[in-house]
Amino acid sequence: MTDVLKEIFNDIKDDPMNKDFTDRGIDPLYSADKNATIMIVGQAPGQKAEASRMYWNDQSGDRLRDWIGVSREKFYSTDKIAILPMDFYFPGMGKSGDLPPRKGFAEKWHPKLIEQMPNLELIILVGSYAVHHYLNLKTSVKLTDIVRDYNHYLPRYFPLVHPSPRNQIWMRKNPWFDTDVLPVLKEHVHKLM
């Protein structure tokens, strides 16, 4: 990690917005490296990820790694993949799952971190929060339509649905995702690794 990346990490910890987490000894959970060519933007760390201090350390992560064609070992050891969720802290539980990432978090910290990763070529957007934010789309634009039209956002962005097991029904209803989209995604990732 460069000195500037370390400084940003400490600034995130010291930000009053994150005081509650820092006071409880919880560090921001993300990965940024000056050599990264791929960045994955998800929602926020889940409870299991926060507890284990490993992002995408759950069934969703297993599926995501399968989608991009990268082994678990490579995923956690390469400097080619950066992980910047929309919030670097577990936002808590809501009635039907995890709460959304905090507003204003990604806007504040992502640009500073991305500036330190000059080799980024592909940004994989996972789920509606990341997709709508980065593509600057209204939330009324359906994620399914955005993912189906993924070619429109290449070569910089690759929009995806969330790989959560809760999306099994969506996967069954949209077989084109598996046959048409994922092979292209794997090819792009493979070229940049």
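This is a short walk through the helix packing, the nonpolar core and a few backbone details of one predicted model.

Let me begin with the core, since several later points return to it. The largest nonpolar core has 62 residues, and within that set Ile 40, Ile 68, Ile 124 and Phe 177 touch the most other members. Helix H10, which runs from residue 176 to 192, gives this core its largest share, namely seven residues. As general background, nonpolar side chains in soluble globular proteins tend to be buried together.

If we stay with Ile 68 for a moment and set aside its neighbours within four places in sequence, its contacts are Ile 40, Phe 75, Ile 81, Ile 124, Leu 185, Lys 186 and Val 189. Ile 68 also appears in the packing of helix H4 on H10, where the contact is made by Asp 66, Trp 67 and Ile 68 on the H4 side, and by Phe 177, Leu 182, Leu 185, Lys 186 and Val 189 on the H10 side. Sorted by class, that contact has six nonpolar residues, two charged ones and no polar ones. As for the geometry, the axes of H4 and H10 are 7 Å apart and the two helices pack at an angle of about 75 degrees, and they are therefore roughly perpendicular to each other.

How, then, are H1 and H6 arranged at their crossing? Helix H1, residues 3-14, and helix H6, residues 105-114, have axes that come within 10 Å and cross at roughly 165 degrees. Because the roughly antiparallel class takes in angles over 145 degrees, that crossing makes H1 roughly antiparallel to H6. The crossing of H1 past H6 is right-handed. On H1 the residues in contact are Leu 5, Ile 8, Asp 11 and Ile 12, while on H6 they are Phe 105, Trp 109, Lys 112 and Leu 113. By class, this contact of H1 with H6 has six nonpolar residues and two charged ones, with no polar residues.

I would now like to turn to the backbone. Most residues other than glycine have a negative phi, and most peptide bonds are trans. Against that background, Trp 56, although not a glycine, has a positive phi of about 55 degrees, and this residue sits in the loop between helix H3 (47-52) and helix H4 (59-68). Asn 136 likewise has a positive phi, near 55 degrees, and is a residue other than glycine; its place is the loop between helix H7 (128-134) and H8. Are these two residues buried or exposed? Trp 56 counts as buried because its relative accessibility is 12%, whereas Asn 136, at 71%, counts as exposed.

There is also a cis peptide bond, which joins Leu 154 and Pro 155 with an omega of about 10 degrees. Pro 155 belongs to the loop between helix H8 (143-148) and strand E6 (157-160).

In the loop between H7 and H8 we also find Val 141, which counts as partly exposed because its relative accessibility is 32%. Not counting residues up to four places away in sequence, Val 141 touches His 132 and Ile 146.

Finally, Met 93 lies in strand E3, residues 93-94. The C-alpha atoms of Met 93 and Gln 47 are separated by 8.6 Å, although these residues are 46 apart along the chain. Leaving aside neighbours within four places in sequence, Met 93 is in contact with Gln 47, Asp 98 and Leu 99.

Note on methods:
Residues numbered from 1 in each chain as written. Predicted model: local features only at pLDDT ≥ 70, side-chain atom pairs only at ≥ 80, totals over all residues. Heavy atoms only, no water. Axes fitted to C-alpha atoms, helices over the stretch in contact; angles between N-to-C directions. Helix = DSSP H or I, 4+ residues; strand = E, 2+ residues; numbered from the N terminus. Parallel < 35°, antiparallel > 145°, perpendicular 65-115°, else oblique. Left-handed = near helix turned anticlockwise from the far one by under 90°. Contact = heavy atoms within 4.5 Å. Nonpolar A, V, L, I, M, F, W, Y, C, P; charged D, E, K, R; others polar. Core = buried A, V, L, I, M, F, W, Y, C linked by side-chain atoms within 4.5 Å. Buried < 20%, exposed > 50% of the residue type's maximum accessible area, 1.4 Å probe, protein only.
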